[in-house]
Amino acid sequence: MSDINCVTLTGRLTRDAELKYTQNGGAIVRFSMAVNRSKRNADGSWADEASYFDCVYFGKGAESVNSYLSRGRQVAVSGELRQSRWEQDGQTRSRVEVFVNNLSLLSQGGSKSQEGDGGNGGSYQKPQSTNQNSYSKPQNQYRPQPQYQAPVSNGPEEFQDDDIPF
């Protein structure tokens, strides 16, 4: 049995995204996001507490969405957690980052409404293949999807005793 490593976060960018390229020309976008959760204080009142996550997004999808990833922008990401370990000044260090598979733009920076996006945001998804340089177009969530229609039956089906597997 394999282990499961999935994470989905919705939050706001704490700084503008940084775009860099590998020696092979692949795009890497790094950004950090703050995710709030409500916490009850000792006096019974509620307060927001922020957690901060470093994120890494690869490929053409990352390159195309980079210009929209500015400080304050609300995004939703899903991906997996990866831990990096290294040694610096004789001490072992580590960092956990979110490696993004899907990213959705939710609202414009600095605004908690979705007016700037027309209300639907943008959704960019990295394909589930090993080729990290391919890009899939966002799907229009408002386009009607074809409906499945069951085949028409003229009555109960007939089976021979030999056709039934039990």
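**Exercise 1. Confidence of the model**

Determine the average pLDDT of the protein chain and the share of residues that score at least 70.

*Solution.* Step 1: the structure is a predicted model, and the protein chain has an average pLDDT of 78, with 65% of the residues scoring at least 70. Step 2: the mean is lowest, at 53, in strand E7 (residues 122–125), and highest, at 96, in strand E1 (residues 7–13). Step 3: two stretches deserve separate mention. Residues 111–120 have a pLDDT below 50, and this stretch makes 16 contacts in the model beyond near neighbours in sequence. Residues 129–137 also have a pLDDT below 50, with 16 contacts in the model beyond near neighbours in sequence.

**Exercise 2. Overall organisation**

State how many helices and strands the protein chain contains, and give the pattern they follow along the sequence.

*Solution.* Step 1: the secondary structure consists of one helix and seven strands. Step 2: along the sequence the elements read β-β-β-β-α-β-β-β. Step 3: of the contacts between residues at least 6 apart in sequence, 55% join residues at least 24 apart. Step 4: the protein chain has 166 residues, of which 25% count as buried. Its exposed area is about 12,500 Å², and carbon and sulfur atoms supply 45% of that area.

**Exercise 3. Pairing around strand E1**

Identify the strands that pair with E1 in the antiparallel sense, and name a bridge partner for each pairing.

*Solution.* Step 1: E1 and E5 run antiparallel and are joined by six bridges. Within this pairing, Leu9 has Val77 in E5 as its bridge partner. Step 2: E1 also pairs with E3, again in the antiparallel sense, over two bridges. Here Leu13 is opposite Met33 in E3. Step 3: the accessibility of the strand can now be added. Five of the seven residues of E1 are buried, which leaves the strand mostly covered.

**Exercise 4. Strand E6 and its partners**

Establish whether E6 runs parallel or antiparallel to E4 and to E5, and describe the turn between E5 and E6.

*Solution.* Step 1: E4 and E6 run parallel and are joined by three bridges. Cys55 is placed opposite Val98 in E6. Step 2: E5 and E6 are antiparallel, with 15 bridges between them. One of the bridge pairs matches Glu87 with Thr92 in E6. Step 3: E5 and E6 form a hairpin with two residues between them. Asp89, in the loop between E5 and E6, has a phi near 55°, a positive value in a residue other than glycine. Step 4: the cut-off for an exposed residue is over 50% relative accessible area. Asp89 has 75% relative accessibility and therefore counts as exposed.

**Exercise 5. The nonpolar core**

Find the number of residues in the largest nonpolar core and the residues with the most contacts inside it.

*Solution.* Step 1: the largest nonpolar core comprises 19 residues, and those with the most contacts inside it are Phe31, Met33, Tyr57, Leu69, Val77, Val100 and Leu103. Step 2: the elements giving two or more residues to this core are E1, E3 (27–40), E4 (46–58), helix H1 (59–65), E5 (74–88) and E6 (91–107). Step 3: a general tendency gives the context. In soluble globular proteins, nonpolar side chains tend to be buried together.

**Exercise 6. The aromatic pair**

Classify the pair formed by the rings of Phe58 and Phe99 from the distance of their centres and the angle of their planes.

*Solution.* Step 1: the count of aromatic pairs is one. Step 2: the ring centres of Phe58 and Phe99 are 5.6 Å apart and the planes stand at 40°, so the pair is tilted. Step 3: Phe58 belongs to strand E4 and Phe99 to strand E6; with their positions 41 residues apart in sequence, the pair links distant parts of the chain. Step 4: Phe99 counts as buried, because its relative accessibility is 15% and the cut-off is under 20%.

**Exercise 7. Two residues and their surroundings**

List the residues that Gln74 and Arg37 touch, not counting residues up to four places away in sequence.

*Solution.* Step 1: Gln74 lies in strand E5 and touches Thr10, Gly11, Arg12, Ser104, Leu105, Leu106 and Ser107. The C-alpha atoms of Gln74 and Ser107 are 5.2 Å apart, although 33 residues separate the two in sequence. Step 2: Arg37 is in strand E3 and touches Ala47, Asp48 and Glu49. From Arg37 to Ala47 the C-alpha distance is 8.3 Å, at a sequence separation of ten residues. Step 3: Arg37 has a relative accessible area of 45% and is thus partly exposed.

Note on methods: Residues are numbered from 1 along each chain as its sequence is written. This is a predicted model: local features need pLDDT of at least 70, side-chain atom pairs count only at pLDDT 80 or more; totals for chains, interfaces and linings use all residues. Side-chain values use heavy atoms; hydrogens and water are left out. pLDDT is the predictor's confidence in each residue, from 0 to 100. Helices (H or I, at least four residues) and strands (E, at least two) are DSSP runs, numbered from the N terminus. Contact means heavy atoms within 4.5 Å. A nonpolar core is a set of buried Ala, Val, Leu, Ile, Met, Phe, Trp, Tyr and Cys residues joined through side-chain atoms within 4.5 Å. Buried means under 20% relative accessible area, exposed over 50%, partly exposed in between (1.4 Å probe, protein chains only). Accessible areas come from the Shrake-Rupley method with a 1.4 Å probe; for residues, only the protein chains shown count as cover. Two strands pair if DSSP finds at least two bridges between them. Rings of Phe, Tyr and Trp (its six-membered ring) pair if their centres lie within 6.5 Å; planes under 30 degrees apart count as stacked, over 60 as edge-to-face and the rest as tilted.
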